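Q: Please take a close look at one buried position in this model and at the packing around it. I would like a connected account that moves from that position outward to the helices and the nonpolar cores.

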Amino acid sequence: TMNDINLKILVNRHRLEYFIDIRDTVMAEEYLSKNLVLIEKVGDKRELGLHYERIGALRSFQKRRKEEEMAAFKTASELLNKYGEKRDLIDANYNLGVIYKRLGEWEKSIHHSLISLNAIDNTKEKKNRKKHLYLHLAECYINLRNFEKADVYFEKIENDEYFKINDLLFSGFFYKIKGLYFETKEAYKQSSLNYNKSSQKFYESGFERSKQISA
């Protein structure tokens with residue numbers, strides 16, 4: 001029955017996420033193929049959007065697959081914007097924001113990051129993502145030399161409930177972007193201080209991780 005197929009799609013999707021998480025690309029590819037056949041059978045456009053999102057996630061850590069990664073996330077975003085639930089807009093747009101930032105397409109990165117932020121605010125889901133989106137936005141605005149907007153997002157990070165939890169890796173990125181902010185403003189002393197703080201946080205983060213591994 002149709003119900004059974006929908007259930008199978010859901011089970012396959014969760015299995016696929018698991019294989020992507022553990023970087024088992026062979027099994028992930030197998031479940032991508034399996035699930036696509038079922039999704040096309042029921043003609044579920046939302047599920048197809050989520051499927052493309054999984055393709056993007058898989059391609060993101062496969063070398064030389066960057067163009068496929070971007071194409072997948074773009075398709076996912078278009079389908080989910082049209083057929084998805086509000087919460088579906090968080091990840092697809094988050095990932096596109098990251099890709100466009102990597103390409104130095106600041107305006108496009110801002111556009112998708114704001115859609116993702118908006119979806120988090122509307123659904124109250126994945127609120128721990130907000131600090132990352134604020135930092136993406138600050139970085140984009142620094143590169144566009146819009147320091148006032150960058151200031152707004154730095155302030156949002158400092159007031160974010162999830163920033164107060166001591167996340168060493170995120171703090172490393174935070175001070176790195178602060179270093180970029182002062183460097184772009186040619187305030188080299190403050191820039192150097194922030195880059196130094198960033199290195200310290202990355203060092204502490206690496207030390208913490210190696211302690212956990214050897215424990």
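A: In this predicted model, A92 lies in helix 5. Its relative accessibility is 0%, and because buried means under 20% relative accessible area, A92 counts as buried. Setting aside residues up to four places away in sequence, A92 touches E53, A76, S77 and L80. Of the elements around it, helix 4 covers residues 66-83 and helix 5 covers 88-102, while helix 3 covers residues 45-60. A further relation concerns S116: the C-alpha atoms of A92 and S116 are separated by 7.9 Å, although the two residues are 24 apart along the chain.

D91 also has its place in helix 5. D91 is buried as well, with a relative accessible area of 15%. When neighbours within four places in sequence are left aside, the contacts of D91 are E53, K126 and R129. E53 is thus a contact of D91 and is also touched by A92.

Both D91 and A92 take part in the meeting of helix 3 with helix 5, where R46, L50 and E53 face D88, D91 and A92. By class, this contact holds 2 nonpolar and 4 charged residues, with no polar ones. The axes of helix 3 and helix 5 come within 11 Å and cross at roughly 35°, and helix 3 passes helix 5 in a left-handed crossing.

The pairing of helix 6 with helix 7 offers a second view of the packing, and S116 belongs to it. On the helix 6 side, W106, S109, I110, S113, L114, S116, L117, I120 and D121 take part; they meet K130, L133, Y134, H136, L137, C140, Y141 and N143 in helix 7. The residues of this contact divide into 10 nonpolar, 5 polar and 2 charged. The axes of these two helices come within 10 Å and cross at roughly 155°, which means that helix 6 is roughly antiparallel to helix 7. The crossing of helix 6 past helix 7 is left-handed.

These helices also contribute to the nonpolar interior. In soluble globular proteins, nonpolar side chains tend to be buried together. The largest nonpolar core has 32 residues, and those with the most contacts inside it are L135, I142, F154, I157, F174 and Y181. Two or more residues of this core come from each of helix 4, helix 5, helix 6 (106-123), helix 7 (130-143), helix 8 (147-158) and helix 9 (168-184). Helix 7 supplies the largest share, 8 residues. F154 illustrates how the core is joined: apart from neighbours within four places in sequence, F154 is in contact with L135, A138, I142, F174, I177, K178 and Y181. There is also a second, separate core of 9 residues, which includes F19, A28, L32 and L58.

At the level of the whole chain, there are 10 helices and 0 strands. Of its 215 residues, 42% count as buried. Residues 24 or more positions apart account for 55% of the contacts with a separation of 6 or more. The C-alpha atoms fill a box of roughly 65 × 45 × 35 Å along the principal axes.

Terms used. Residues numbered from 1 in each chain as written. Predicted model: local features only at pLDDT ≥ 70, side-chain atom pairs only at ≥ 80, totals over all residues. Heavy atoms only, no water. Core = buried A, V, L, I, M, F, W, Y, C linked by side-chain atoms within 4.5 Å. Buried < 20%, exposed > 50% of the residue type's maximum accessible area, 1.4 Å probe, protein only. Helix = DSSP H or I, 4+ residues; strand = E, 2+ residues; numbered from the N terminus. Contact = heavy atoms within 4.5 Å. Axes fitted to C-alpha atoms, helices over the stretch in contact; angles between N-to-C directions. Parallel < 35°, antiparallel > 145°, perpendicular 65-115°, else oblique. Left-handed = near helix turned anticlockwise from the far one by under 90°. Nonpolar A, V, L, I, M, F, W, Y, C, P; charged D, E, K, R; others polar.
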